[in-house]
Amino acid sequence: MLRSLNRWLSWGTAGLLVGFLVWQFALFQQELQRIPRTWTVAGLVVGGRSVEEALDAVEQALKTPLQVHYRDQILMLDPTDLEVRLDREASRRLLREALTERQRPVAFLQFLFRQPPPPRDLPIAIQVSPERIRLWLLEVARRYDEPPVEPQPDLERFTFLPGRPGHVLNISLSAERLQAALAQAIPREVTLVVDEKPAPALSITALGRFFEAYLQSFDGTAGIFVKDLRSGQTWMHNGDLAFSGVGVMRLPVALAVARSRDLAHDEARRARVFQMLTDETALTALQELLTELGEGDPAKGAEQVTALLRELGLTNSFLAWPFQRPGAPPAVVTPANRRPDLPTRPDPQQQTTPEDMGVLLEMLYQCARNGGPLLLAFEGAIEPGECQLIIEAMAQNRLIDAQGQPTLLAAGLPPGLTFAHRPGWTNETRADAGIVMAGPSDYVLVVFLHRPLLMEWGEAVRMMRDLSRMTAQFFLGR
């Protein structure tokens with residue numbers, strides 16, 4: 001009888017255990033229909049609620065304004081402005097997939113021992129217009145961005161004011177952050193990505209702004225070419241405008257002589273070239289060199305100079321007729337002098353542009369350093385030593401005023417620099433073109449100034465001094 005009682009007790013205990021497990025499994029199944037209390041949905045505490053109840057709570061929370069931080073600015077964004085809506089179908093699927101993952105034996109054991117699942121935040125899906133996000137961010141950028149400011153020219157003190165750092169909204173990264181924040185019920189805030197920008201370094205465009213501001217009060221026509229011979233940065237004003245060649249066209253004459261004759265070893269020829277480049281009154285030496293180039297005919301010598309310029313790609317420059325020779329020169333049409341409203345009335349005998357002359361000076365500089373187009377175009381005909389001789393001769397052109405002070409572009413340079421240049425002028429046009437060599441900062445500066453009937457000498461000297469002074473301040477800091 002005792003054995004029979006034990007058997008009944010065993011069966012009863014087993015039945016009770018099975019019944020308990022069945023009851024607990026039924027409760028577990030009911031629990032699977034609700035969000036665990038340790039879980040959140042889109043940051044919102046909805047533990048113990050059904051999927052639909054949780055989505056209702058989240059949908060309501062998503063309608064509240066979003067606090068948006070732009071540096072120290074706080075903006076309130078109404079989600080309806082961006083057409084934000086809860087995608088209930090996609091969100092329902094995400095929640096149910098997460099609940100389905102709990103249908104495992106280990107989850108049931110955790111339920112039996114009243115061990116809650118680890119904390120977890122379930123994502124939701126929203127519908128939002130990316131274009132509206134982009135437009136909203138663009139408006140924020142328009143209102144609050146402060147782009148960095150380049151150094152600005154100071155016309156009164158002839159210097160450059162330092163640049164200013166700035167900050168700019170990163171649209172793409174901020175859009176990602178904003179869209180993610182819109183899909184969060186809690187917290188309802190986001191910090192936009194703002195890129196801090198350092199103050200820009202001084203660039204040649206700042207020098208160009210000085211030139212443009214300075215020339216606003218000039219009632220004539222100016223042409224400027226400036227180039228950093230180390231970095232290659234270039235700035236031009238009317239760089240492709242035709243001007244009378246005046247004295248600057250003696251430079252291509254010297255190069256034509258070096259190309260066709262021995263300049264390095266012929267002392268007499270070298271002396272004539274030196275005189276032509278340094279003495280504005282040396283017309284005899286100039287005519288002798290052109291005559292020699294033309295095998296006795298200076299007109300053909302002028303053709304040789306133009307041919308050299310064409311081979312170098314300088315199509316806006318020419319010497320159509322020997323300097324101050326009587327007679328009518330042949331008409332030469334170039335891209336620069338073709339325009340009908342040409343304000344500079346260039347000499348039909350000789351013309352150039354600031355850009356052509358600046359590029360030719362750069363070629364001369366490169367040739368003296370055993371490189372550049374001159375050596376490539378005239379291989380063996382022009383040597384680096386001959387280019388150096390021309391530069392040294394131009395550096396000896398020390399044009400001074402009645403008080404013995406440097407004039408034109410040289411007037412604006414600090415002492416101790418090498419300035420190899422070719423000035424030139426007529427009553428209407430004043431020009432100076434040269435290479436400033438200061439070691440770490442070598443540059444080319446070409447300036448043409450034109451006014452019909454008379455470009456006053458004193459005004460031209462003052463303007464070139466100022467332009468040269470600011471250029472030296474840019475490149476040399478002094």
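This passage walks through the fold of one chain, from its overall make-up down to a few unusual spots in the backbone.

The model is a predicted one, and its chain has 478 residues, 49% of them buried. The secondary structure adds up to 15 helices and 20 strands. How much of the contact network joins residues that sit far from each other in sequence? If we take contacts between residues at least 6 apart, 68% join residues at least 24 apart. As for the outside, the accessible surface is about 23600 Å², and carbon and sulfur atoms account for 54% of that.

Helix 5 is a good place to zoom in. It covers residues 130-144, which is 15 residues, and spans 21 Å from its first C-alpha to its last. That is close to the 21 Å expected at 1.5 Å a residue. Which residues of helix 5 are buried? They are I133, W136, L137, V140, A141 and Y144. These buried residues take up an arc of only 145° around the axis, so they end up on the same side of helix 5. The general rule behind such a pattern is simple: an α-helix has 3.6 residues a turn, so residues three or four places apart point the same way. And what do the buried residues of helix 5 pack against? Their partners are strand 3 (66-70), strand 4 (73-77), strand 10 (166-169) and helix 6.

Next comes a small piece of sheet. Three strands form an open sheet in the order 2-1-6, and the pairing is mixed. Strand 2 (44-45) and strand 6 (120-122) are the edge strands, each pairing on one side only. Strand 1 (residues 39-41) and strand 6 run parallel and are joined by three bridges. To see how the strands line up, look at V41, whose bridge partner in strand 6 is L122.

The structure also holds one disulfide. It is formed by C367 and C387, with the two sulfur atoms 2.0 Å apart. This pair ties together distant parts of the chain: C367 belongs to helix 12 (residues 354-368) and C387 to helix 14 (residues 384-395), with the two cysteines 20 residues apart. Is the disulfide right-handed or left-handed? The torsion about the S-S bond is about 80°, so the disulfide is right-handed. Are its two ends buried or exposed? C367 has 0% relative accessibility, so it counts as buried. C387 also counts as buried, because its relative accessibility is 0%.

Finally, a few backbone spots stand out against a general background: most residues other than glycine have a negative phi, and most peptide bonds are trans. One of these spots is the peptide bond from I186 to P187, which is cis, with omega near -5°. P187 sits in the loop between helix 6 (171-182) and strand 11 (189-191).

Two further spots concern phi. R345 is not a glycine, yet its phi is positive, at about 45°. R345 is found in the loop between strand 16 (318-319) and strand 17 (350-352). Its relative accessibility is 47%, so R345 counts as partly exposed. L453, a residue other than glycine, likewise has a positive phi, near 75°. L453 lies in the loop between strand 20 (443-450) and helix 15 (457-476). With 70% relative accessibility, L453 counts as exposed, because the cut-off for exposed is over 50%.

Note on methods
Residues numbered from 1 in each chain as written. Predicted model: local features only at pLDDT ≥ 70, side-chain atom pairs only at ≥ 80, totals over all residues. Heavy atoms only, no water. Helix = DSSP H or I, 4+ residues; strand = E, 2+ residues; numbered from the N terminus. Buried < 20%, exposed > 50% of the residue type's maximum accessible area, 1.4 Å probe, protein only. Disulfide = S-S within 2.5 Å. Contact = heavy atoms within 4.5 Å. Areas by Shrake-Rupley, 256 points an atom, 1.4 Å probe, with all protein chains shown as cover. Expected span 1.5 Å × (residues − 1). Arc of directions from axis to C-beta. Pairing = 2+ DSSP bridges.
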